[in-house]
Amino acid sequence: MSAFLRRSSGAVLAYAVVTQGAFADVTAQQVWDDWQAYLSQMGYTVSAEQSISGGVTTITDMNVALSSPDTDGSFKMTVPQMTLTENGDGTVSIGFPESFPMTLSGEEEGEAFSVDIEYYHTGLEMVVSGQPDDMTYDYSAPTLGLKLGGVQVEEETLPNDMLAMDFKLTDLSGDSRMKIGETRTVDQKMTAAGLTYDLGFTDPEGSDDGKINGSMNQLTFEGTSVIPEDFDGTDPQSFFNGGVSFSGLFTYASGQTAIEGTSEGQAFSMATQSEGGRFGASLDDQRLAYDVEQNSANLAVTTAELPFPIEIAMAKTGLGFEFPVQQSEEEQPFGLSVNVTDFTMSDVLWSIFDPAGALPRDPATIALDATGTAKILTNFFDPAAIEALETSGEAPGELNSLKINELLVSMVGAKLTGDADFTFDNSSTEEFDGLPTPAGVANLQLAGANALIDTLITMGVIGESDAMGARMMMGLMAVPGDEPDTLNSKIEFTEDGQILANGQRIK
């Protein structure tokens with residue numbers, strides 16, 4: 001099912017690129033010819049009727065279909081009519097109907113299903129200019145969206161109120177520049193005043209239901225994609241071979257979501273809001289990378305089981321990673337970063353476990369930034385290789401080095417910071433219960449630990465004996481720092497399997 005969804009989603013994305021100016025030329029016929037050639041290259045079957053009257057080429061009953069024999073799935077998009085008008089000044093205008101259907105079908109756990117989706121817009125304008133091998137598209141639309149039309153399972157149509165979905169962009173505008181040579185290179189820019197989304201579901205056999213309503217404001221997108229001339233869209237491995245690449249950055253200025261519903265007879269609600277964020281992604285034949293960040297996020301949850309709302313807030317949250325995708329005996333770089341900055345929660349939540357206010361309630365922060373190298377020993381895009389991996393139990397790769405550039409944990413009055421640099425011997429796994437033997441140094445600094453332990457004793461969370469054991473462990477692993485209630489620790493792993501703490505052997 002996953003392979004089918006990936007390829008079917010590709011068809012939707014391909015059409016989105018079309019409507020944002022991925023295809024055209026100086027004449028209407030060249031536009032249509034190139035469109036068919038591109039979609040065929042991507043693995044789709046295209047059929048349509050064509051008529052020409054003056055400078056207007058009309059395409060009717062256009063069907064774009066994709067079959068996936070290995071998953072019994074298919075995708076079909078039908079455009080009743082499309083016009084390509086030569087304006088007489090070297091430009092071409094493309095006109096689409098205000099709505100047309102798309103259908104996704106397949107089989108899951110032995111049950112056949114199909115999903116109808118309506119693509120709609122108001123006032124979409126698209127004008128193409130430039131040369132055949134270097135074209136620029138300018139487009140705009142007051143609204144453009146996708147709406148769920150219906151769902152069928154085993155030839156039974158689900159009730160309309162059982163599942164609903166509507167995504168809509170407003171005040172959309174942008175431009176795309178496509179250069180055609182040995183590759184198709186598309187540079188895109190897009191802005192939209194807003195995005196709204198509405199989802200709903202109802203359990204036909206019970207009382208459970210739910211609604212999700214949200215919006216995002218001042219959206220922007222910039223991206224570049226490169227597709228080689230010999231790209232084969234029917235082969236999933238083609239996305240990671242032969243020069244295919246994509247990079248893009250999506251940003252928004254603010255957003256909010258409201259969720260409400262009933263579960264097992266109990267009402268619940270949740271509301272979130274943020275002051276913007278970004279989502280960046282890049283892909284080529286060597287790596288896959290993501291960079292996600294959200295600013296000033298707030299969350300409030302209300303349930304029937306609790307007499308008060310659950311409220312939390314974060315000044316910033318982020319996740320980034322860069323991983324290699326190609327099987328290779330060579331070491332390849334990777335990276336990972338996570339941060340939750342200035343996390344706070346309401347006094348009502350604090351009072352559950354600290355009613356006296358003994359613990360400091362300063363904002364908490366957790367941050368990690370790590371880089372390293374690894375070997376990818378499995379072709380993750382080969383189903384046979386994945387199946388063999390599951391039966392053999394072998395590791396899909398090797399960790400060769402790891403560097404922690406930043407470690408920060410700050411909460412309830414204590415603060416842990418550190419960095420580390422390790423290499424790993426994958427030929428030696430006896431010393432650490434099957435794990436590769438590390439060699440390197442970790443440097444750690446801890447502030448406020450003793451004060452936190454005293455507070456926990458006062459609160460009755462831990463006893464004197466537990467506190468003594470914790471202090472003995474800190475004394476074994478760390479030495480006093482220059483400032484009061486601070487500890488420093490240098491943990492060293494040697495190549496022969498020893499572990500040293502501040503020069504003293506502990507293993």
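Right after helix α2 comes G43, whose phi is positive, near 100°. Helices (H or I, at least four residues) and strands (E, at least two) are DSSP runs, numbered from the N terminus. This is a predicted model: local features need pLDDT of at least 70, side-chain atom pairs count only at pLDDT 80 or more, and totals for chains, interfaces and linings use all residues. Residues are numbered from 1 along each chain as its sequence is written, and side-chain values use heavy atoms, with hydrogens and water left out.

**Exercise 1. Helix α2**

Task: Work out how far α2 reaches from its first C-alpha to its last, and which of its residues are buried.

Solution:
- Step 1. Start with the extent: α2 covers residues 28-41, which is 14 residues.
- Step 2. Get the expected span, which is 1.5 Å times one less than the number of residues. For α2 that expectation is 20 Å, and the helix reaches 20 Å, close to it.
- Step 3. Now look for buried residues (under 20% relative accessible area; exposed is over 50%, partly exposed in between; 1.4 Å probe, protein chains only). In α2 these are A28, V31, W32, D34, W35, Y38, L39 and Q41.

**Exercise 2. The nonpolar cores**

Task: Find which residues touch the most other members of the largest nonpolar core.

Solution:
- Step 1. Pin down the term: a nonpolar core is a set of buried Ala, Val, Leu, Ile, Met, Phe, Trp, Tyr and Cys residues joined through side-chain atoms within 4.5 Å.
- Step 2. The largest core has 52 residues, and M62, M82 and I94 touch the most other members.
- Step 3. Strand β8 (residues 134-153) gives this core its largest share, 7 residues.
- Step 4. Zoom in on M62, using contact in the sense of heavy atoms within 4.5 Å. Leaving out residues up to four places away in sequence, M62 touches W32, W35, V46, S47, A48, M77, T78, V79 and M82.
- Step 5. Don't miss the second, separate core: it has 9 residues, including A420, F422, A442 and A501.

**Exercise 3. Ring pairs**

Task: Decide why the pair of F100 and Y119 is called stacked.

Solution:
- Step 1. Recall the rule: rings of Phe, Tyr and Trp (its six-membered ring) pair if their centres lie within 6.5 Å; planes under 30 degrees apart count as stacked, over 60 as edge-to-face and the rest as tilted. By this rule there are 10 aromatic pairs.
- Step 2. The ring centres of F100 and Y119 are 4.9 Å apart and the planes meet at 20°, so the pair is stacked.
- Step 3. F100 is in strand β5 (residues 99-108) and Y119 in strand β6 (residues 111-122), so the pair ties together parts that are 19 residues apart in sequence.
- Step 4. Check burial: F100 is buried at 2% relative accessible area, and Y119 is buried as well, at 6%.
- Step 5. Try another pair: Y290 and F321 are tilted, with 5.2 Å centre to centre and 50° between the planes. Y290 sits in strand β17 (residues 287-303) and F321 in strand β18 (residues 310-324), so this pair ties together parts 31 residues apart in sequence.
- Step 6. Y290 is partly exposed at 31% relative accessibility, and F321 is partly exposed at 21%. Ring pairs link F279, Y290, F321 and F323 into a cluster.

**Exercise 4. Following strand β14**

Task: Find which strands pair with β14, and in what sense.

Solution:
- Step 1. Two strands pair if DSSP finds at least two bridges between them.
- Step 2. β14 (residues 254-263) pairs with β12 (residues 209-228) in the antiparallel sense over 9 bridges. Here M216 stands opposite G255.
- Step 3. β14 also runs antiparallel to β15 (residues 266-274), joined by 9 bridges. S263 has Q266 in β15 as its bridge partner.
- Step 4. The β14 and β15 hairpin has 2 residues between the strands, and E264 takes a positive phi near 55°.
- Step 5. Look at one residue of β14, T257. T257 is buried, with a relative accessible area of 18%. The C-alpha atoms of T257 and G214 are separated by 4.0 Å, though these residues are 43 apart along the chain.
- Step 6. Not counting residues up to four places away in sequence, T257 touches Y197, I212, N213, G214, M270, A271 and T272.
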